[in-house]
Amino acid sequence: MSCRLTVGTVLLVLAASAAPPRVVAQQSAWRCPDPASLIGDLRGPLAHVRYLADDLLEGRAVGTRGERCAGEYIAAQFRALGLRPAGDGGTWFQAWMVRTGSAAGAGNAFALTGADGSHFALGEDWIPYGFSASTRTRAELMDAPGETGEPDAGAAHSQLEGRVLVIEGTAPHPHAATPDAHRVGSSAASMGAAALIVLLDGSGPLPALEAERRAPLAIPVIAVRGAAADRVRAAAASGSSATIVTVIEPVRREARNVTALLPGSDPHGGQVLVIGAHYDHLGFGGAGSLSPNAVGEVHNGADDNASGTAVLIEAARELVAGPQPAQNVLFIAFTGEERGLWGSAHYVESPLLPLAGTIAMLNLDMVGRVVDDALTVFGTGTAEEWTGVLDRANAATVSPLALRYNSDGFGASDHSSFYAQGIPVLHFFSNTHPEYHRVEDDWELVNAEGMSRVTDLLVSVVREVIPTADLASLTPVEGAGNPHGVAGPTDGSPARSGFQVRLGTIPDYSRESGGMGITGVREGSPAAQAGIKGGDIIVRFGTHDIEDVYGYMYALSEHEPGDEVEIVVLRDGERMVFTAVLAAGGG
C-alpha cells in the first residue's frame, strides 16, 4: 500500500531523524609543505601516502588548499617520471568549477509582524540554511501539529497551505534522533507550506553554510536560536505572522583532475587505457565522516585514497621503465570522488582522449590494507577476457595475491563513470576496516608491502591488456555498461541504500539540480521493466517533484515493496511518464 504524505509524516521525520554564484579564489599566500620534510627516507608507495595523508594537507577536500597541494605533488611526480602532461592547454590539470558550499548573500532579513514586531540579527539570532530557497515570504506562523492521528494528504495541505511551519530542532525525547531540517523542509514544501522555521535551544551554533551544496528547496528554511526562538514560539502560539527574506549564494571553487600520458609506440592505433585513483578526501569531516563528534578534525584518508594514488604513481614508474606499450596509457588522479564521483564524471563528459578509443579503465581505491594476501577485484563481468587476464597477470607477479572476483561494474568509486559509458572496468580494493572515513585513517596503518604487490599486479594486468605491438583486444560483455540495462552483482553487492524498496537506478551524483540524473539502470530491475533508461532525468516520483538525489531518496523511502509509482523523466528534453512496481530491498 502506498504511503500518504501527511502532517503526521512530518512529525515522524522530526522524531526519526537568485543571486549569481560566488567564486572563491585559491589562497595563494599559503605554502604547500615541502615533501622532503615529511617523507624523509621513505621510498615507494609509502612515501606518497606519508605526504598526501599528513595533517598539513588538511584532509584534501575538493577545492581546498590541501587538495591543491596534493594535486601539485602528484603532478611533480608525473613530471619527474618523464610522462607528458595531458591536461588543459598542455598542463597537468583538467580544471573546472564546482559548487563546494553556500553563503548568505546581501539582503537576508527576518522579522515578526503584529504586536511583537521583532527584527532579528542575521548570524546572531538566525540564519537561512544553505539549501533554503532565495525568496521573500510573509505568512502566518503555524506550530507543528501535536495530534497522534495522521490526517490524510488533503487535510495536510489544507492545514499547511500558505503557512510558515514552526518546528523544534531538538529531539523530542532522549532516544530520538535530531530532526533533519532538509527532509522536513522538502516534505513541508510538497504540502504547500510557505516556509519552515527550525527553533534551536540555547545559544549553540547556528547551522554552517560553508559545505552545503544541496539544491535549493522550494521554500525558505531558516534556523532561529536562543531568546529569538522563544519569541517565535510565542508568536506561533498566537497565530502571528512573519516576514522572511532569504538570499543564498552558491560558493564555487576550482577542482582539478591531475592527468599524465605515457604515449604508445603505435601513433596510429588510437587506443588508450585509463588508470585512475581519486586523491581527495573528507577534509575536516562533516558529511561522509563516520567519526562521531569529529567535525573540525582532520580526516587524512591514508587508505582512502592516498593508497590508490600512491599505487597509481608507482605503476606509472614501472610502465615508464619499459618496454613501451603499443597503445597510450592515461594516468588520472581524480578529485571530488568523495562528493559523488565529480572528477570521473567530468572526465567522461569532457574526455581528454576519445572515449570511443578507450580500451578499459582500471581503478584503484583503498588498496592500502591488504590482509592475508586478499585483494578484491570488481568489474570482472564487464569484459569476457577479464578473469583470464587477471589469472595470468597475478601468476606472473613475484608474490601473487589471493584474488576475489566480483562481476559488478558499478560501485561507489570512479570506475562507475566509465562503465556507464560502455567501457570495461576493473576496480582494485583491499577491503574496508574500522578506520574507514574516520580520523584514525593515518599513514602508519597502511601496508607498504601490500601496496607494492598491488602495484606489481596492476602493471602485470596492463602488460596483458596492451601488448608491445598491435592493438589491444577486450570484448565487453553484452549489455555491459549499456545505460539501457546493465547486469547486477552476482557474487556480492555494493553498499545498500538502507531503504526497504528499490527501483534499480544508478544515480548521477554529480548533477546538482533540475532532477535526479540516472547513470545506469540495472538489468531486470523495476526501472528497466518500466522502460526507464540511463541518461534519463527523474523530475517527479509519485506525488513528489524531484530536484536532486536527496529529494528522490526521500520519496523512495516513503514506499513499500509492491507499490506502483508513476515516474516522470526528461529524456532528450522531452517529458515521459512511466509506471514502476517497486521491489523489495534497497537500491
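How are helix 6 and helix 14 oriented relative to each other?

The model is predicted: local features need pLDDT of at least 70, side-chain atom pairs count only at pLDDT 80 or more, and totals for chains, interfaces and linings use all residues. Residues are numbered from 1 along each chain as its sequence is written, and side-chain values use heavy atoms, with hydrogens and water left out.

**Exercise 1. Classify the packing of helix 6 and helix 14.**

Step 1. Helices (H or I, at least four residues) and strands (E, at least two) are DSSP runs, numbered from the N terminus. Helix 6 covers residues 181-190 and helix 14 covers residues 549-557.

Step 2. Axes are lines fitted to C-alpha atoms, for helices over the stretch in contact, and angles run from 0 to 180 degrees between N-to-C directions. Here the angle is about 75 degrees, and the axes are 11 Å apart.

Step 3. Angles under 35 degrees count as roughly parallel, over 145 as roughly antiparallel, 65 to 115 as roughly perpendicular and the rest as oblique. Helix 6 and helix 14 are therefore roughly perpendicular to each other.

Step 4. The contact (heavy atoms within 4.5 Å) is made by H182, R183 and S186 of helix 6 with Y550, Y554 and S557 of helix 14. By class, there are two nonpolar, three polar and one charged residues. In this scheme Ala, Val, Leu, Ile, Met, Phe, Trp, Tyr, Cys and Pro count as nonpolar, Asp, Glu, Lys and Arg as charged, and the others, Gly among them, as polar.

Step 5. M553 also lies in helix 14. The C-alpha atoms of M553 and R183 are separated by 9.8 Å, although the two residues are 370 residues apart along the chain.

**Exercise 2. Apply the angle classes to helix 4 and helix 8.**

Step 1. The two axes come within 10 Å and cross at roughly 10 degrees. Helix 4 and helix 8 are therefore roughly parallel to each other.

Step 2. On the helix 4 side the contact involves Y73, I74, Q77, F78 and L81, which meet T309, L312, I313, A316, R317 and V320 of helix 8. These residues divide into eight nonpolar, two polar and one charged.

**Exercise 3. Check the span of helix 4 and the burial of Q77 and F78.**

Step 1. The expected span is 1.5 Å times one less than the number of residues. For the 17 residues of helix 4 (residues 65-81) this gives 24 Å, and the end C-alpha atoms are 25 Å apart, which agrees.

Step 2. Buried means under 20% relative accessible area, exposed over 50%, partly exposed in between (1.4 Å probe, protein chains only). Q77 has 19% relative accessibility and so counts as buried; F78, at 0%, is buried as well.

Step 3. Leaving aside neighbours within four places in sequence, Q77 is in contact with H48, I313 and R317. With the same exclusion, the contacts of F78 include W92, V258, A260 and F331. F78 and V258 are 180 residues apart in sequence and 9.2 Å apart in space, C-alpha to C-alpha.

Step 4. Just after helix 4, G82 takes a positive phi of about 90 degrees.

**Exercise 4. Classify helix 10 against helix 12.**

Step 1. Helix 10 (residues 386-395) and helix 12 (residues 448-465) pack at about 125 degrees, with axes 8 Å apart. They are therefore oblique to each other.

Step 2. The contact residues of this pair divide into seven nonpolar, two polar and two charged.
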